[in-house]
Each structure stands twice: as structure tokens, then as C-alpha cells.
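Student: Could you take me on a close look at the enclosed empty space inside this protein? I'd like to hear what surrounds it, and then a little about the parts elsewhere.

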Amino acid sequence: MNKWLSLRRCILVATMCAAFVSQETWALAGTTGGISGYVRDTDGNPVVNARVTMSSPSEVTSTSTDASGHFAFLSLAPDTYSLGAIKDGYQESSLAGVTVFADQVQTVAVTMPHLLRTIASVRSQSASNLVKSGVGGNIYNVDAGQIQKTSVLGGGGNLDSAYSAIASVPGLVVGTGGSGWNQAVIVHGNYPWYTGFEYDGIPVNRSFDNYTASTASNLGLQELQVYTGGGPSGISSAGVSGFINQVIKTGTYPGYGLLSGALGAQAFYHSARAEAGGASPNRNFSYYAGLSGYNQAFRYIDQSNGAALMAPGQPYADYGYLRSTPSGFGIESICDPLTGESPNTLAPFCLQPFSGLYGGTSSIADREAVANFHFGVPRHDGQRDDVQLLLSASALDTHVYSSLNDSGISALTAAATGVPYCGPSMTGPGCAAAGGPNYLTYADAIVYNLPFGTNIAPNNTALSPQIYLQPHSPTNRTAFAPLPFDLQDAMHNDTGVVKLQWTHPFNSRSFARVYGYTFYSDWT
């Protein structure tokens, strides 16, 4: 146990050091929000020293009004709260449904009538609109309930991503039919790479081209925070036309658990998700953890991908390759699918038909994991520091319609090599025109792992050339083997996030915050 404890301590120290050394800015956006306002009586006079309490499953906190009746809470976890005000000599007053959004301080007004001979009086109102009163600028917040309702707004390829919620915000355009990695989000007609993205306050735009490098999963998404006119001064991302931040859920007391699944009909879709959250009664510790995965296949036009409509002469036929033939002139004919030649002896060219699906997404497999921990550190003055540890990992595999079967064996072979397909057996109908074997192979390589100037010795294993098989291809095959007819191209995207944050409140109106993070992303 001591060995494991020491190892964990070393990993934590190394992570913190790497994060703080690599961090270029200490600004942070999108983890807490605030509520401020005034408490007055029915005559408009301030109510001094009234006790104001904000209560939600995430936390409960209180403060007192000052000489002008003003109160403020500047470090609240995003959630829906009940605001209550109490003072001797006045009737209790409350506001229900006060939704706190990240990076925003909203203004509310509370009225406390003088205590009369009434038994009780409660004032309440709802405040969970997309556009918030008391908040300036082009700011929109999509909460967890709205996120669920808009899950199909971004199209069938975005059922499990935040792009559907993004599509619900005025002024933003998310392209229809999108799926998977790095979808374009256009704010007020600007270029998509001018849009900034953050994941719970961590910038996730790539440094060299500013494209978003996050899978934008909706797992653990408590709130989607959108600025359509540039973000606040505290953001860390490099967006200039707009700013989007995903705020991650925190644990609540009492705890909760959720297990959900989906099974798609006709078009293939399997999905499963497990989430759990909880907190200690005093909320000095809270946690949220989520796991999700889905596999989805895509069909276009109909269940047969419009095959009947993509044949030569049909409305969706796509002739993507112009091929020269030995005789004649003019561009009048479709190339023979077997020989690659024009059936018209007078035409020197023919059009090689490609499937209109070529290059489109065929399937997606996504795996997500999120864990968000908060540790409260009580202080003698009654305040409490908060330490957050956030971990996130994603793996997204996207396959596209690019196999020989998808494009047409002869069409793709002719486009790549200039002559028709002829298999290793040399018995196919295109072999006469090809003049010998002609087929596409794995992109293997011959490598020489030798110092410069070393003589190659073919009979010496240590000094002979070595075969490097194409990554992600079968290893139990010969080098430069023919490509299987159903093999598709794939893109692999992975991300990893570790964030450590410390928040020190001085009072309900001010706080200090320091954080560090690591963000890993690849695209292969």
C-alpha cells in the first residue's frame, strides 16, 4: 500500500508541475456563476442585515445584506436554486427557480413586507429562461433540461454530442448532416476557426490552426455557455467571433444514479450510459462520474444508401473521373465497369462513375469517461476553500465510405492507377486492358534501420531491409497484400484532460482562484 501511495503522490506532483509550467494564462472561464440583488420592503426602503440563503442540490450558502440592502454571491456552482430572505419583523420571502449560469452574475430583486397579522406569505417567481434578465451582452445558456430536449436538433449524427445544444442558440449555425470530430460552428457568419471552445474552463482549440480538438460529447454536461459576441475577459481560448464552454456536472446531496440505453431501428444505433453523483451532507466532498459509449452507422437517401439512384444515368449518379481511351474523340460514353474502356469506338474519353457516397461518414464508435471531484476545506472564519480535480478521456473512431466496394472496384482502381482492375489470379475481365495484375495494396513500406553508409546484406537478418506493415492493418498477412474489398478508411481521435483548481473565497462577494491543467489530443 505504501508503494502505491507513493506512486500516486508522485503522479499528482508531476501532473501539477507540468500543468503549471505549461499554462500560459491564469484566466479561467465557465466554472461558477453569481447572484446579486437588493432586499427592500414594500415602500422601497432597504432591509438591512437580512439573512439571504441560496439553496440547491449542489450547495447551500448564506450572506447578509449591507446598509443599502445589497447582497451578492459570486462563486456558486451552476444549478437551479431557491433564494430565501429572512429577518425579524418582516415576512419571509423567497424566489424559486433561480438558475445560476457559469460566468454570469445575475441581478434579482427581493421584497420583504413588514410582518402583519398574517400567518404566512411567500413570494415566488421562475427565472430559468434562455435569455436572462439582468445580464448584459449576447450571452446564452442551455441548461441540462434544454440539452436533453434539443438532442436531435443537430441531426442524427449528433445525438450524443453538444452540437445539438449549440444549434439551439440564436446567431449560431451548425451544418446539417454533421457527425463526429471538429464540426464547423459559425457565429454571425464568421469563419468556424474563429470560434473559441473550452471544456470546463480549459481551452481546447488547437494552437496551430485554432480548430477545436474536443469530441464535444454531452456526457456530464451541466450547462452549455455561449457568447455570440466574443467571450468575457476571463476566457482562455483564442476565439474572436464567439465563445462556447461546456460546464461539467458536480455531485449533489442526496446522491443520484442513472443508467440509460438505446437501440436504434433500421439504421444501426447502439448506445449505453451510466452516471452517478453524490456528496457528503456538509458538502465538503462531492463527486460526479460518467461513462458512455455508442456505435452508430449512417445510411443516406434510403436503407440501401440510394444504390438504385446512383447507377449511370440516374439522378444521383456521380461521375468523378475522366479517363482517356485509345481511340476516337468526344466525351459521350460511360466507361465499361469491367475494362475501363469507352464502349463507343469513336470516343477517346469516357466517364468513370463513382458512388455518390464516397467519402461520407459510414460509422462512428465513441467512448467517453468523465470524473469531477470537489473537496471542501473548512476555515476558521466560516468560509470554505474548494479544490477541484477533473478528469476526462475520449476515444472517437470514424469510418468513411471509401472501400473498393463503396466506390466500385474498377472505378477506384482506374482512378488510382490509370488502368482497370486485374486481381492476383489474372483472370478478371479487366486483365486484358490492364496487361497484368493491377490492384490496390496495403500501404506497407520497406525500411532500413541501419546507420548511414552501412552495406546492406540481404542474407543477414540484422543488416537486411525490414518490412513495415501499415498501422492498424492485420499482421498475419504478406507484405503489400491486396486491399480487402470492404476495407474503409478510418480516423482516430483521442483526448485526455486533467485539471486541478483551487478557489479561495474571501467572502460572498470576492474570491481568488488558481488552476493548472494538461490537455492531450491526437488526430490520426
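Tutor: Here is a walk through the cavities, followed by a few other spots. Keep in mind that this is a predicted model.

Rolling a probe the size of a water molecule over the atoms shows where empty space is left. Here, that search turns up 4 cavities of 30 Å³ or more. The largest cavity holds about 130 Å³ of space. It has 15 lining residues, and the ones closest to its centre are Y199, S214, T215, S392 and S394. As for the secondary structure around it, three strands each give at least two residues to the lining of the largest cavity: β21 (361-378), β22 (384-400) and β25 (490-507). Sort that lining by class and you get 7 nonpolar, 7 polar and 1 charged residues.

Now for the second largest cavity, with about 80 Å³ of space. Its lining is made up of G157, N158, D160, S161, G180, Q183, T215, S217, Y294, D366, E368 and L396. T215 is worth a second glance: it is on that list, and it is also among the residues closest to the centre of the largest cavity. By class, the second largest cavity is lined by 2 nonpolar, 7 polar and 3 charged residues.

Away from the cavities, let's start with T252, which sits in the loop between β14 (242-248) and β15. T252 counts as buried because its relative accessibility is 12%, and the cut-off for buried is under 20%. Its side chain reaches the backbone oxygen of P254 at 3.2 Å. Setting aside neighbours within four places in sequence, T252 touches P57, S58, G277, G278 and A279.

Follow the chain into strand β15 (residues 256-263) and you come to A262. With a relative accessible area of 35%, A262 falls between the 20% and 50% cut-offs, so it is partly exposed. Beyond its neighbours within four places in sequence, A262 is in contact with Y269, H270 and S271. There is also A272, 10 residues apart from A262 along the chain, with 6.5 Å between the two C-alpha atoms.

One last stop is helix α5 (residues 409-417), where the buried residues are S410, A411, L412, T413 and A414. Right after α5 comes G418, which has a positive phi, near 90°.

Technical notes: Residues are numbered from 1 along each chain as its sequence is written. This is a predicted model: local features need pLDDT of at least 70, side-chain atom pairs count only at pLDDT 80 or more; totals for chains, interfaces and linings use all residues. Side-chain values use heavy atoms; hydrogens and water are left out. On a 1 Å grid over the protein atoms alone, a cavity is a set of points where a 1.4 Å probe fits but cannot get out, and a pocket is an open set with protein on both sides within 12 Å along at least five of seven lines; lining residues have an atom within 4 Å of a point. Grid points are joined across faces, edges and corners, and a volume is the space filled by probe spheres set on the points. Helices (H or I, at least four residues) and strands (E, at least two) are DSSP runs, numbered from the N terminus. Ala, Val, Leu, Ile, Met, Phe, Trp, Tyr, Cys and Pro count as nonpolar, Asp, Glu, Lys and Arg as charged, and the others, Gly among them, as polar. Buried means under 20% relative accessible area, exposed over 50%, partly exposed in between (1.4 Å probe, protein chains only). Contact means heavy atoms within 4.5 Å. A polar contact is a pair of N or O atoms within 3.5 Å; within protein, one must be able to donate a hydrogen and the other to accept it, and residues adjacent in sequence count only if both atoms are side-chain atoms.
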